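This report covers salt bridges, a pocket and disulfides. Have the sequence and the model open while reading.

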Amino acid sequence: MHSFRMIFLEALLIAGVLSGLFSSSVVAQNCKCDTNIYCCSQYGYCGNSYDYCGPGCQAGPCWVPCEGNGTLTVTDLVTQDFWDGIVSQAADNCPGKGFYTRSAFLEALSSYPEFGTKCTDDDRKREIAAYFAHVTHETGHFCYIEERTGHQNNYCQVSEQYSCNPNKEYFGRGPLQLSWNYNYIDCGKAHNFDGLNDPDIVGRDPIISFKSSLWFWVRKGVHYVILDPDQGFGATIKIINGGYECNGQNTDQMMARVGYYKEYCAMFGVSPGNHLTCVTSNLAVSK
């Protein structure tokens, strides 16, 4: 199997650490960047996310489709019994009871046919186990729709590209607790809702809620690192919540995610693979 040799360095870039480190850079067509680090997208822009390193990537650490052609589908693994086994562990008065349903998930899944359908059957099992490990952790077994401490931070980061509505808050909502104004705005553009002015829809519409989690999973590269044996589940933690749970921070939370992942892998009859934690990872992307 080919490896997806993606190195997420956005946090370092923000700090300016990389400037001057590379005296000779490889300049791709239309891209004035070091392609030892960045991908040159199909449109000639430099970056490290799916939009740069996915389909059409011209140069750099582009994601290479893995070998293997499994036959298992998501519905083969995410059965109603599997679903009920997660939901049953949440209290009856949880706001997510009746909101997070398997039918809503499967309807949202139609927008992301790449999820759980790539590479070998074992790879598919690991990806689905990883997704539900994070979802279980983030929502408390599908109990919570909104981040429990979200109102302490409205998650607004203003830039030339992104603004915030002062009357709205961009705290975590949905299966993966989508956070920050820029994520709501971009996800809204992908799924025809107004993420700037109506982020609440992610906590109001179960299908959009699941679409938001799958959008983050695919567009932020989680889908790719879990399929890369050189990265594994630890890299998914780094992308989703690395700023709070990796490199020695909140290790109990990190290990809770690992525990769910190992549990679901065991249920699917697959080894969880290597690189399960993000304690000493060189990845640098957080949610």
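## A buried charged pair

Arginine 257 and glutamate 245 are both buried, buried meaning under 20% relative accessible area, exposed over 50%, and partly exposed in between (1.4 Å probe, protein chains only). The two side chains form a salt bridge, with the closest N and O atoms 2.7 Å apart. A salt bridge here is a side-chain nitrogen of Lys or Arg within 4 Å of a carboxyl oxygen of Asp or Glu. Arginine 257 sits in helix H11 (residues 251-268) and glutamate 245 in helix H10 (residues 233-245), so the pair ties together parts that are twelve residues apart in sequence. Helices (H or I, at least four residues) and strands (E, at least two) are DSSP runs, numbered from the N terminus. The pair belongs to a network: salt bridges that share partners join Glu138, Glu245 and Arg257.

The model is predicted: local features need pLDDT of at least 70, side-chain atom pairs count only at pLDDT 80 or more, and totals for chains, interfaces and linings use all residues. Residues are numbered from 1 along each chain as its sequence is written, and side-chain values use heavy atoms, with hydrogens and water left out.

## Other salt bridges

The structure holds seven salt bridges. One of them joins arginine 126 to aspartate 123, with 3.6 Å between the closest N and O atoms. Both residues lie in helix H6 (residues 121-139). They are three residues apart, about one turn of the helix. Arginine 126 is buried, at 18% relative accessible area. Aspartate 123 is buried too, with a relative accessibility of 6%.

Where does lysine 97 find its salt-bridge partner? The side chain of lysine 97 meets that of aspartate 92, at 3.3 Å from N to O. Lysine 97 is partly exposed, with 26% relative accessible area. Aspartate 92 is exposed, at 73%.

## The second largest pocket

The second largest pocket has a volume of about 570 Å³. A pocket is defined on a 1 Å grid over the protein atoms alone, as an open set of points where a 1.4 Å probe fits, with protein on both sides within 12 Å along at least five of seven lines; lining residues have an atom within 4 Å of a point. Grid points are joined across faces, edges and corners, and the volume is the space filled by probe spheres set on the points.

Which residues come closest to the centre of this pocket? Of the 20 lining residues, they are Glu138, Glu147, Thr149, Tyr155 and Asn241. Glu138 is also a member of the salt-bridge network with Glu245 and Arg257. H6, H10 and H11 are the elements that give two or more residues to the lining. H10 supplies the largest share, three residues.

By class, the lining has four nonpolar, nine polar and seven charged residues. Ala, Val, Leu, Ile, Met, Phe, Trp, Tyr, Cys and Pro count as nonpolar, Asp, Glu, Lys and Arg as charged, and the others, Gly among them, as polar.

## Disulfides

A disulfide is a covalent bond between the sulfur atoms of two cysteines. The cut-off used here is a pair of cysteine sulfur atoms within 2.5 Å. The structure holds seven disulfides. Three of them are listed below.

| Pair | S to S | Torsion about S-S | Hand |
|---|---|---|---|
| Cysteine 31, cysteine 40 | 2.1 Å | 80° | right-handed |
| Cysteine 33, cysteine 46 | 2.2 Å | about -85° | left-handed |
| Cysteine 246, cysteine 278 | 2.0 Å | -85° | left-handed |

Take the cysteine 246 pair. Cysteine 246 lies in the loop between H10 and H11, and cysteine 278 in the segment after H11. This disulfide links distant parts of the chain, 32 residues apart. Cysteine 246 and cysteine 278 are both buried.

Cysteine 33 and cysteine 46 form a disulfide as well. Cysteine 33 is in the loop between helix H1 (10-15) and strand S1 (39-40), and cysteine 46 is in strand S2 (residues 46-47). The two are 13 residues apart. Is each end buried or partly exposed? Cysteine 33 is buried, at 7% relative accessible area. Cysteine 46 is partly exposed, at 28%.

The remaining listed pair is cysteine 31 and cysteine 40. Both of these cysteines are buried.
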